[in-house]
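Visitor: I'm new to this one. Could you show me how to read it, feature by feature?

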Amino acid sequence: MKLDQGPLNVQKLGKKSVKHFLWISLALWTGFTFVGYFTPVQTLWAESFTLSFGPWEWFWVLFYGFATYGNAGFMREQVCKYMCPYARFQSAMFDRDTLVVSYDTARGDPRGTRGRKDDKAAKGLGDCIDCGLCVQVCPTGIDIRNGLQYECISCAACVDVCDTVMDKMHYPQGLIRFTTQNALKQGVGREGILRRVLRPRVLVYSAFLLALTAAMMATLAMRMPLKVDVVRDRAALSRIVAGGRLENVYRLQVMNATEQPQRYRIAAEGLEGLSLASEAEVEVGAAESRWVAVRLQVPYGAAGPGSHPIHFDVGTVGGDAHVREKSVFLVPR
Ligand code: SF4
Ligand code: SF4
């Protein structure tokens, strides 16, 4: 702040340039790591040396980089106060036994300045010397002495600074501390807080959290790194081809959800004499999807007129990933 208010000189310019350089680098790194969730990160890393990202990758790297630069650098506490939904969500889970950063009013009030050697009791004062440091260090600019406020992000900066003031005054630490509203009201310490830890709300929330974690782990463990969509070719529902065979055409979208290129084998079954007349194997790049035209044939007269259920089997060549998708084979009258 002092530098900001000072005159523009070489030192100020140097410091500001270095700050913005680091800040922009970190912001771009945020954008890069975000895009890395959707584009194979090794490819992205290689492309970053030649700046040869695709147009969407450029857009998202710059967009998230710009958002980080603006939010973390200029908006700061405004993001915590007005944009972040966490405070609203968190307050729905609070009760009077939740650990929060609190000012101990009974101990601190009445507030007032005094010398280090003054007898506070004789002056009728509490432990708060009203130095205002807890307000100065607060990143969201609140005065925690006014009680619990939704803007508080529990960073504990006020706890630390107040403890240093208490040390200088030779008062016990903890005028601002992590405690619960019930503990403050009842004047109980750590044991009183611990006795209220295993209450129904905590048990229910913990059970939900455990169930969600278990579900997430199970989903991850059972995740199939291959997806297949089957679309019938509407242009040619069914046709007779050379050799007197009946042919249906499909389009398969094969999605490779791994970080390596994969080769997949396509097969189809469900109808007497059904065979594949197109390429049986297809290669799909890392984290890419590919549309493949697939032709299925049956000998003419092998199946009656109508729609016959069939299914496609697509699996990794030499691997475990395997997907079975339903479709139909049409035989005209
Ligand atoms: S830092 Fe501590 S002593 Fe200073 S005003 Fe805040 S609560 Fe009072
Ligand atoms: S914990 Fe952090 S955000 Fe909350 S009042 Fe203290 S300094 Fe401010």
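Guide: Sure, let's begin with a pair of residues: Ser 275 stands opposite Gln 297 in strand S9. Strands here are DSSP runs (E, at least two residues) and helices are runs of H or I with at least four, numbered from the N terminus. This is a predicted model, where local features need pLDDT of at least 70, side-chain atom pairs count only at pLDDT 80 or more, and totals for chains, interfaces and linings use all residues. Residues are numbered from 1 along each chain as its sequence is written, chains are lettered from A and ligands numbered from 1 in the order in which they are written, and side-chain values use heavy atoms, with hydrogens and water left out.

Visitor: Which strands pair with S9, and in which sense?

Guide: Two strands count as paired if DSSP finds at least two bridges between them. Strand S7 (residues 275-276) is joined to S9 by 2 bridges, and the two run antiparallel. Strand S5 (residues 245-256) also pairs with S9 (residues 289-299) in the antiparallel sense, over 11 bridges. In that pairing, Gln 253 stands opposite Trp 291.

Visitor: What surrounds ligand 1?

Guide: A residue is near a molecule if one of its heavy atoms lies within 4 Å of it. Around ligand 1 you'll find, among them, Cys 128, Asp 130, Cys 131 and Arg 145. Its shell has 8 nonpolar, 1 polar and 2 charged residues. For the classes, Ala, Val, Leu, Ile, Met, Phe, Trp, Tyr, Cys and Pro are nonpolar, Asp, Glu, Lys and Arg are charged, and the others, Gly among them, are polar.

Visitor: How far apart are the closest N and O atoms of Asp 130 and Arg 145?

Guide: They are 2.8 Å apart, in a salt bridge, meaning a side-chain nitrogen of Lys or Arg within 4 Å of a carboxyl oxygen of Asp or Glu. The structure holds 18 salt bridges. Another one joins Arg 265 and Glu 281, at 3.0 Å. That pair links distant parts of the chain, with Arg 265 in strand S6 (residues 262-269) and Glu 281 in strand S8 (residues 281-284), 16 residues apart. Both belong to a salt-bridge network with Arg 263 and Glu 283.

Visitor: Is Arg 145 buried or exposed?

Guide: Buried means under 20% relative accessible area, exposed over 50%, and partly exposed in between (1.4 Å probe, protein chains only). Arg 145 has 10%, so the residue is buried. Its partner Asp 130 has 39% and is partly exposed.
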